[in-house]
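This report describes selected strands and helices of one model. The sequence and structure are shown here.

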Amino acid sequence: MKSGAEAHESRLSRRGERQRAISEAVMAEGAVRIDELAERFGTSQMTVHRDLDELEARGLLRKSRGMATALSSSLVESSDVFRSGQQRWEKREIARAAIEFVEAGQAIFLDDSTTVLEMARLIPSRTPLTVITNVLTLINELKATRGVSLVALGGSYYNWCSSFMGGTTIEAINRLRADVFIMSTAAITDDICFFQSQATVDIKRAMFNAAAKRILLVDHTKFERRALYALAPLSDFDVVIVDSKTGPDVISRLKSHNVHVVVAAGHAGNGEGSVPNPSINPNAEESTP
């Protein structure tokens with residue numbers, strides 16, 4: 001029988017999965033009747049209304065006149081609810097390669113990407129660690145992990161990305177130094193990382209400057225996307241980890257530009273444990289600049 005805490009966590013997990021499914025359905029179809037959503041997801045209209053209220057508060061959709069309507073905006077692409085449902089297999093594959101670059105005893109910055117969240121679930125295999133983050137979902141994920149010293153960065157909370165940002169957060173980052181910064185990106189254009197929000201760029205740049213080593217996690221779809229605000233060229237990262245679906249032409253181009261590329265192994269597994277070190281894994285490719 002589950003304890004009260006376990007039951008609560010289970011309810012939160014089910015609610016999160018349902019909200020992701022609802023948001024994806026509304027975004028895919030443009031508009032869906034609320035009573036249809038209740039029937040589709042086997043729940044009451046009252047529950048769907050509560051879910052939609054939360055999703056509306058995060059800028060993902062609009063609820064009115066018995067309908068849920070998708071919003072076409074950069075916030076939708078940036079939202080952690082939206083991102084967490086995209087390229088799950090690729091994210092797990094990249095996460096299993098990325099954890100091999102984390103060493104016990106390090107202090108690491110983690111950003112608000114859902115790929116990093118997948119990697120964070122493997123952190124128990126690398127403790128002791130000091131984890132520094134501004135992301136509420138990561139804080140909740142790691143708060144009870146034995147061997148993790150958690151440094152939570154405060155500031156103004158933004159519900160759409162489940163993160164604290166702004167001047168207070170940047171000031172806190174500037175007072176710290178870490179061994180590694182692990183992050184992802186919204187889009188890659190001309191081999192430069194881009195994001196939909198300048199506030200997001202400001203936080204990532206502060207972490208980038210405060211870390212001795214920078215690792216970028218990027219699935220193949222990011223090379224097909226565009227965003228507005230630039231952060232840094234891929235050549236500024238110490239390691240760029242891509243998934244196994246990344247085109248050979250993209251990998252060749254990056255290597256020719258002295259980007260240190262690691263291609264993750266061709267399976268995501270079940271998210272538990274770790275993969276062999278990429279330097280000796282026959283299913284991983286690594287290039288030294």
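In helix 6, the buried residues (under 20% relative accessible area with a 1.4 Å probe, protein chains only; exposed is over 50%, partly exposed in between) are Glu-90, Lys-91, Glu-93, Ile-94, Ala-95, Arg-96, Ala-97 and Ala-98. Helix 6 spans residues 88-98 and is mostly covered, with eight of its eleven residues buried.

The model is predicted: local features need pLDDT of at least 70, side-chain atom pairs count only at pLDDT 80 or more, and totals for chains, interfaces and linings use all residues. Residues are numbered from 1 along each chain as its sequence is written, and side-chain values use heavy atoms, without hydrogens and water.

Helices (H or I, at least four residues) and strands (E, at least two) are DSSP runs numbered from the N terminus. Two strands pair if DSSP finds at least two bridges between them. Three antiparallel pairings are listed below.

| Strands | Bridges | Opposite residues |
|---|---|---|
| 1 (residues 31-33) and 3 (residues 67-70) | three | Ala-31 and Thr-69 |
| 2 (residues 61-64) and 3 | four | Ser-64 and Met-67 |
| 11 (residues 192-195) and 13 | three | Phe-194 and Ala-230 |

The hairpin of strand 2 and strand 3 has two residues between the strands, and Arg-65 there takes a positive phi near 50°.

An open sheet of three strands has the order 10-11-13 with antiparallel pairing. Strand 10 (187-189) and strand 13 (229-233) each have a single partner strand, so one side of each lacks a neighbour in the sheet. From one strand to the next, the twist averages 35°. Helix 10 (residues 198-209) packs on this sheet and touches strand 11 and strand 13 (contact: heavy atoms within 4.5 Å). The direction of helix 10 makes about 25° with that of strand 13; axes are lines fitted to C-alpha atoms, for helices over the stretch in contact, and angles run from 0 to 180 degrees between N-to-C directions.
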